[in-house]
Amino acid sequence: MKKIVKAACLAACSGGLVLGASVSTASANEWPSNDVRLVVPYAPGGTTDVLSRRVADLLQDELDANVVVENRPGAGSTVATGRLARGGRDVDHTILMASPGHTIGAAIYPDLAYDPVEDFVFLQNLIDIPNVMVVPADSPYNSVTDFVEAAREQNMTFSHSGVGSSIHMSGELFKTLTETNMTAVPFAGSGAALPALLGGDVDVSFENMPTVLSHIRSGDLRALAVTSAERSEHLPDVPTLAEIGEYNLDQFVTTAWFGLIAHESFPQEAQDAMSEALAGVMQREEFLDFAEQLGAEPGQVAGEEFKQFIAQEVERWQEVAEQAGISQ
């Protein structure tokens, strides 16, 4: 009798251990199991930061977990991106809001300790914001053609918000393609660059749409073209640069893109959970309204397509940086 009781006890105890193991495994497979950190590689207050905080709020609802925003500015986003690439603690719960600085940084910082393509998982491109080629309201140039012809005869100046910004590199790309005489004039951010443009201290800029849209609508600036592949619904009468049909501008298509990336070891279950959550975020009215306010279009690529886009952007900006002699 004692042997029977002992055997029953062992079976029950063994069953309990198996059950406990299965519960533990199920819990381990549920992501996220901790707070999710969303790293912003720029200082608070800019477009990247504002977008990140809006996305974090919506992600919390979709994931049913805390999403904590952390600003880590420095060296055109490469400080925070390099830290992510090194991995370390909580890497399986860390995501980063990447932008053109991710690809441009790879072009102008030759000694980066990470590969901008292979060291990361590319989750979702969230929004694309066109840059706008704008001149002061009293500028004598009413079209891109007018401007190019003049800039081939005399030196022009273009303002930008910092070396390696999408605004700067768009100007350098335009200069290279059109073979024009243009000098870059750097400022400490778009907030400082805008008054110079409005006051006519520089001839042109390739500013992000949110910065200049209200000034275009008020008549303080004149929009000559947008840099996206299609015309913007916010400026439907303004052509794309690719539409011009001359000066190699059919090759000029670029936007300020923003998307989430993670370390290359980001678990597949985390990738799946983020994919589902981000699909939910991008369908929500709050997100679509916010994109509308920025003059942005929802992103179209994710996963492998997003990775391929990044690889192409790195190659493109490396060529532009080399021709312009830009390095840090």
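A crossing of two helices is right-handed if the near helix is turned clockwise from the far one by less than a right angle. I write that down before anything else, since helix crossings fill much of this notebook. I also note that I am working with a predicted model.

**Entry: the whole chain**

I began with an overview. The chain holds 11 helices and 10 strands. Its C-alpha trace spans about 105 × 40 × 30 Å along the principal axes. Of the 328 residues, 49% are buried. I then looked up contacts between residues at least 6 apart in sequence, and 80% of them join residues at least 24 apart.

**Entry: α2 and α9**

How do α2 and α9 cross, right-handed or left-handed? I found a right-handed crossing. The two axes come within 9 Å and cross at roughly 120°, and α2 and α9 are therefore oblique to each other. From α2, the contact uses Leu-58, Leu-59, Glu-62 and Leu-63. From α9 come Ala-273, Met-274, Ala-277, Leu-278, Gly-280 and Val-281. I sorted the residues of this contact into eight nonpolar, one polar and one charged.

**Entry: α4 and α11**

My next pair was α4 (residues 100–108) and α11 (residues 303–324), whose axes come within 8 Å and cross at roughly 45°. These helices are therefore oblique to each other, and α4 passes α11 in a right-handed crossing. On the α4 side I listed His-102, Thr-103, Ile-104, Ala-106, Ala-107 and Ile-108. They meet Ile-310, Glu-313, Val-314, Trp-317, Gln-318 and Ala-321 in α11. The residues of this contact divide into eight nonpolar, three polar and one charged.

**Entry: the two sides of α10**

Which residues of α10 are buried? In this helix, residues 285–294, I found Phe-287, Phe-290, Ala-291 and Leu-294 buried. Seen down the axis of α10, the buried residues fall within an arc of 100°, so they line one face of the helix. The spacing makes sense to me: an α-helix has 3.6 residues a turn, so residues three or four places apart point the same way. On the face turned away from the buried side I found the exposed residues Glu-285 and Gln-293.

I then asked what the buried residues of α10 pack against. Their partners are α2 (47–63), β4 (120–136), α8 (209–218) and α9 (268–283). So α2 and α9 turn up again here, as neighbours of the buried residues of α10. Just after the helix, Gly-295 takes a positive phi of about 70°.

**Entry: Val-135**

Strand β4 led me to Val-135, which is found in that strand. Is Val-135 buried or exposed? Its relative accessible area is 0%, and since buried means under 20%, Val-135 is buried. Leaving out residues up to four places away in sequence, I listed what Val-135 touches: Tyr-141, Phe-147, Asp-203, Val-204, Leu-221, Arg-222 and Leu-224. I checked one of these partners by distance: Val-135 and Leu-224 are 89 residues apart in sequence, yet 7.5 Å apart in space, C-alpha to C-alpha.

**Entry: Ala-75**

Last, I picked a loop residue. Ala-75 is found between β2 (67–71) and α3 (78–85). With a relative accessible area of 35%, Ala-75 is partly exposed. How far is Ala-75 from Pro-41 in space? The two are 9.1 Å apart, C-alpha to C-alpha, and 34 residues apart in sequence.

Definitions and conventions: Residues are numbered from 1 along each chain as its sequence is written. This is a predicted model: local features need pLDDT of at least 70, side-chain atom pairs count only at pLDDT 80 or more; totals for chains, interfaces and linings use all residues. Side-chain values use heavy atoms; hydrogens and water are left out. Buried means under 20% relative accessible area, exposed over 50%, partly exposed in between (1.4 Å probe, protein chains only). Helices (H or I, at least four residues) and strands (E, at least two) are DSSP runs, numbered from the N terminus. The arc is that of the directions from the helix axis to the C-beta atoms. Contact means heavy atoms within 4.5 Å. Axes are lines fitted to C-alpha atoms, for helices over the stretch in contact, and angles run from 0 to 180 degrees between N-to-C directions. Angles under 35 degrees count as roughly parallel, over 145 as roughly antiparallel, 65 to 115 as roughly perpendicular and the rest as oblique. Ala, Val, Leu, Ile, Met, Phe, Trp, Tyr, Cys and Pro count as nonpolar, Asp, Glu, Lys and Arg as charged, and the others, Gly among them, as polar.
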